[in-house]
Amino acid sequence: MVKNVAIVSLSSGIVGESFVEFEKNIGIKRLEDFGLNVKFMPHALLGLEYIKEHPEKRALDLLDALRDPDIDMILCAIRGDDTYRLLPYLFENDELKEAVTDKIFLGFSDTTINHFMLHKVGMTTFYGQAFLPDVCELSTDMLPYTQGYFQELITTGTIHEITPSDVWYEERTEFSPEKVGTSTPSHPNKGFELLQGQATFSGKILGGCIDSMYDFFDGERYEDMPVLCKKYHLFPDAKDWEGRILLLETSEEKPSPEKYKKALEYLKSTGVFDAVSGVLVGKPQNEIYVDEYKKILVEVISNPNLPILFNVNIGHATPRCIIPFGVEAGVDANNQIIRFK
């Protein structure tokens with residue numbers, strides 16, 4: 001059972017800005033109501049500009065949280081777009097490898113990069129939620145589906161199975177004190193959708209936000225990101241993907257079908273689709289480009305025998321489940337369930 005949770009800002013430093021203090025306070029109270037002791041790592045609340053300019057301090061917060069025996073769970077504050085800049089401070093002298101311990105790490109979006117970092121040093125992690133987007137939800141409480149998985153994680157230390165949410169919610173577009181206690185429109189959810197392949201498949205899951213994985217290979221956003229990712233060998237070789245399940249989900253940037261196709265082509269060039277046992281795909285936010293993404297997935301992967309399960313409640317669309325990485329998973333599309341050993 002989790003007692004002590006540390007919050008880190010490994011990407012954006014927005015949690016330290018005064019204009020989100022009301023959200024931060026909502027989240028702290030909720031965590032305390034769950035019986036948790038909350039600790040912000042020393043640099044987590046120093047704001048957008050400081051966090052942007054000091055990747056070495058972000059890396060230090062992660063290392064110190066991993067080393068601290070009193071911390072049971074590391075919770076990422078929010079997403080961002082440049083956590084790759086931590087690479088030299090975590091890998092140049094095996095800093096991350098020497099700091100890794102058995103504790104919960106939870107985050108999503110740009111945190112995809114951190115998940116790959118921790119995978120590289122053999123740590124199992126959890127993908128799908130973060131402090132500001134989920135714990136600090138402006139509704140009267142956390143979204144029920146989201147909260148259910150968060151509470152399971154902090155009370156049992158793992159996730160046993162996931163099933164589809166009954167509904168999905170439109171993206172929240174305004175964050176202000178006036179919106180506290182309000183909900184966004186909801187719609188019926190269709191459940192998991194098998195695009196092709198066998199309905200049952202298994203393997204350890206790895207992956208995350210396809211926008212972040214695109215940046216592994218393309219310097220459009222940051223010219224040095226592909227260089228650093230290659231230098232530190234962050235994206236696993238095809239051999240490491242053998243028998244795994246690849247998780248893909250799209251960000252709030254809602255990549256165009258053209259960019260989505262290019263990202264999949266980058267991934268295909270690594271041999272990942274020849275190695276994995278299946279692909280899980282998160283529901284796109286607001287269901288934007290749903291039909292286009294489905295078509296592109298089938299066309300680019302170009303292997304009708306490889307299972308592709310679409311519309312999983314993971315990633316940027318709400319509500320969100322939590323998926324363990326590095327744990328054997330069994331997918332059963334017919335029975336609409338994914339179980340973890």
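Helices (H or I, at least four residues) and strands (E, at least two) are DSSP runs, and they are numbered from the N terminus. This is a predicted model, where local features need pLDDT of at least 70, side-chain atom pairs count only at pLDDT 80 or more, and totals for chains, interfaces and linings use all residues. Residues are numbered from 1 along each chain as its sequence is written, and side-chain values use heavy atoms, with hydrogens and water left out.

**View 1. A salt bridge inside helix 3 links arginine 67 and aspartate 64.** Here a salt bridge is a side-chain nitrogen of Lys or Arg within 4 Å of a carboxyl oxygen of Asp or Glu. In this pair the N to O distance is 3.3 Å. Both residues belong to helix 3 (residues 55-67) and sit three residues apart, about one turn of the helix. An α-helix has 3.6 residues a turn, so residues three or four places apart point the same way. How covered are the two? Buried means under 20% relative accessible area, exposed over 50%, and partly exposed in between (1.4 Å probe, protein chains only). Arginine 67 is partly exposed at 45%, and aspartate 64 is partly exposed at 30%.

**View 2. Here are some more salt bridges, out of 19 found in the whole structure.** Side chains of opposite charge can pair when their charged atoms come close. Glutamate 287 pairs with lysine 283, their closest N and O atoms being 2.6 Å apart. Glutamate 287 is partly exposed, with 26% relative accessibility, whereas lysine 283 is buried, with a relative accessible area of 2%. Elsewhere, Arg58, Asp82 and Arg85 are joined into one network by salt bridges that share partners. Glutamate 174 and lysine 179 make another salt bridge, with 4.0 Å between the closest N and O atoms. Glutamate 174 is partly exposed at 39%, and lysine 179 is partly exposed at 30%.

**View 3. Six strands line up in an open sheet, in the order 2-1-3-4-5-14.** The pairing in this sheet is mixed, where two strands pair if DSSP finds at least two bridges between them. Which strands sit at the edges? They are strand 2 (37-40) and strand 14 (323-325), each of which pairs on one side only. From one strand to the next, the twist averages 25°. Axes are lines fitted to C-alpha atoms, for helices over the stretch in contact, and angles run from 0 to 180 degrees between N-to-C directions.

**View 4. Helices 3 and 6 pack on the six-strand sheet.** Look for strand 3 (residues 73-76) and strand 4 (residues 104-107), which pair in the parallel sense over three bridges. Isoleucine 74 has phenylalanine 105, in strand 4, as its bridge partner. Helix 3 touches strand 1 (4-8), strand 3 and strand 4, and its direction makes about 155° with that of strand 3. Contact means heavy atoms within 4.5 Å. Helix 6 (residues 112-120) touches strand 4, strand 5 (125-127) and strand 14, and its direction makes about 160° with that of strand 5.

**View 5. Strand 10 pairs with strand 15 and with strand 11.** Seven of the ten residues in strand 10 (residues 200-209) are buried. With strand 15 (residues 328-332), strand 10 pairs in the antiparallel sense over five bridges, and phenylalanine 201 has valine 331 as its bridge partner there. Strand 10 and strand 11 (residues 245-249) run parallel, joined by five bridges. In strand 11, leucine 246 is the bridge partner of leucine 206.

**View 6. Helix 9 (residues 210-217) is mostly covered and meets helix 6.** Seven of its eight residues are buried, among them Asp211, Tyr214 and Asp215. The buried residues of helix 9 pack against helix 6, strand 10, helix 10 (225-231), strand 11 and helix 12 (257-269). How do helices 6 and 9 cross? Their axes come within 9 Å and cross at roughly 65°. Helix 6 and helix 9 are therefore roughly perpendicular to each other (angles under 35 degrees count as roughly parallel, over 145 as roughly antiparallel, 65 to 115 as roughly perpendicular and the rest as oblique). Thr112, Ile113 and Phe116 in helix 6 meet Ser212, Met213 and Phe216 in helix 9.

**View 7. Lysine 230 is found in helix 10.** This lysine 230 is exposed, with a relative accessible area of 71%. The C-alpha atoms of lysine 230 and phenylalanine 216 are separated by 8.0 Å, the two residues being 14 residues apart along the chain.
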